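Me: Could you walk me through this model? I'd like to see how each label is earned.

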Amino acid sequence: MMELSILYGGGNAELLTKMVDNIFKQQPNYTSDVKLVVPTVLEVFEKVLEKCGLKTDSPKKGPTQLTDSRQGGELLQMSVDELTDVISYIADSALSLKAFLDIYPPASQAFYEQGFIQKVSSFCETILPPLSRAIKKRQSEGECLPEDLRKYLILTKVGFAKVCSLIINTCCIQPVLENSGQEEEVNHYVEQYLDTMSSLLSDKMFVAAVAEQRKIQEDLELLLQSSQQVYP
């Protein structure tokens, strides 16, 4: 499905959305497959962090320093091909997920329920700054790197921010609009939105990226109008 979304989603989004929606209705097992894909994707991200020397079992206490051989030193020692593969992979992952959720928004629920937003936020916050610093340091030392590596880092950040924005819209904002007048239901989705956004506050870079993709102030104004749980 993701391949279809990438290959044909551009100029045929409406037709492809109808086709994919029909496939999921006719084959409910596909929904179960999506639920199984989410932990697989997150597991791969963990392996990427490990490959880059950035995986840690302890809470983050600040930005990773590349001078620490235990944290991120691998980024300075990787071959150019390995570094390029890592950056290309995470960029492709972001764009593939974004294309799929654009075409089939209901799949967002499977991602939301498994904490994808918080986990991908932490992933981006952990890996993107060290990758950027590694590129800068290696270039400053005269190493010849592909010119588009920085562009791919930007695509990764923006792509994942758009993915999370789509999930938030589908799982939190849209249900508030659809359940207007049903106070209990509305309050439930308002609480989901507030909990989700609050959980991202420590990931300042990624929160800023998400804020560029959606107008958070407008979200809050909508929630304020829809629920007594939100105070001005």
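Me: Which residues of α2 are called buried, and what makes them so?

Reply: They are Val34, Val38, Val41, Leu42, Phe45, Val48 and Leu49. Buried means under 20% relative accessible area, with a 1.4 Å probe and protein chains only. This is a predicted model, where local features need pLDDT of at least 70 and side-chain atom pairs count only at pLDDT 80 or more, while totals for chains, interfaces and linings use all residues. Residues are numbered from 1 along each chain as its sequence is written, and side-chain values use heavy atoms, leaving out hydrogens and water.

Me: How do you know that α8 has the span expected of a helix?

Reply: The expected span is 1.5 Å times one less than the number of residues. For the 17 residues of α8 (183–199) that gives 24 Å, and the end C-alpha atoms are 24 Å apart, so the two agree.

Me: Why is α6 called roughly perpendicular to α9?

Reply: Their axes, lines fitted to C-alpha atoms over the stretch in contact, with angles from 0 to 180 degrees between N-to-C directions, cross at roughly 115°. Angles of 65 to 115 degrees count as roughly perpendicular, which is why α6 and α9 get that name. Among the residues in contact (heavy atoms within 4.5 Å) are Cys124 of α6 and Phe206 of α9.

Me: What is the pLDDT over residues 58–70?

Reply: On this confidence scale from 0 to 100, the protein chain averages 86, but residues 58–70 are below 50. Where pLDDT is low, the predicted coordinates should not be read in detail.

How values were computed. pLDDT is the predictor's confidence in each residue, from 0 to 100. Buried means under 20% relative accessible area, exposed over 50%, partly exposed in between (1.4 Å probe, protein chains only). Helices (H or I, at least four residues) and strands (E, at least two) are DSSP runs, numbered from the N terminus. Angles under 35 degrees count as roughly parallel, over 145 as roughly antiparallel, 65 to 115 as roughly perpendicular and the rest as oblique.
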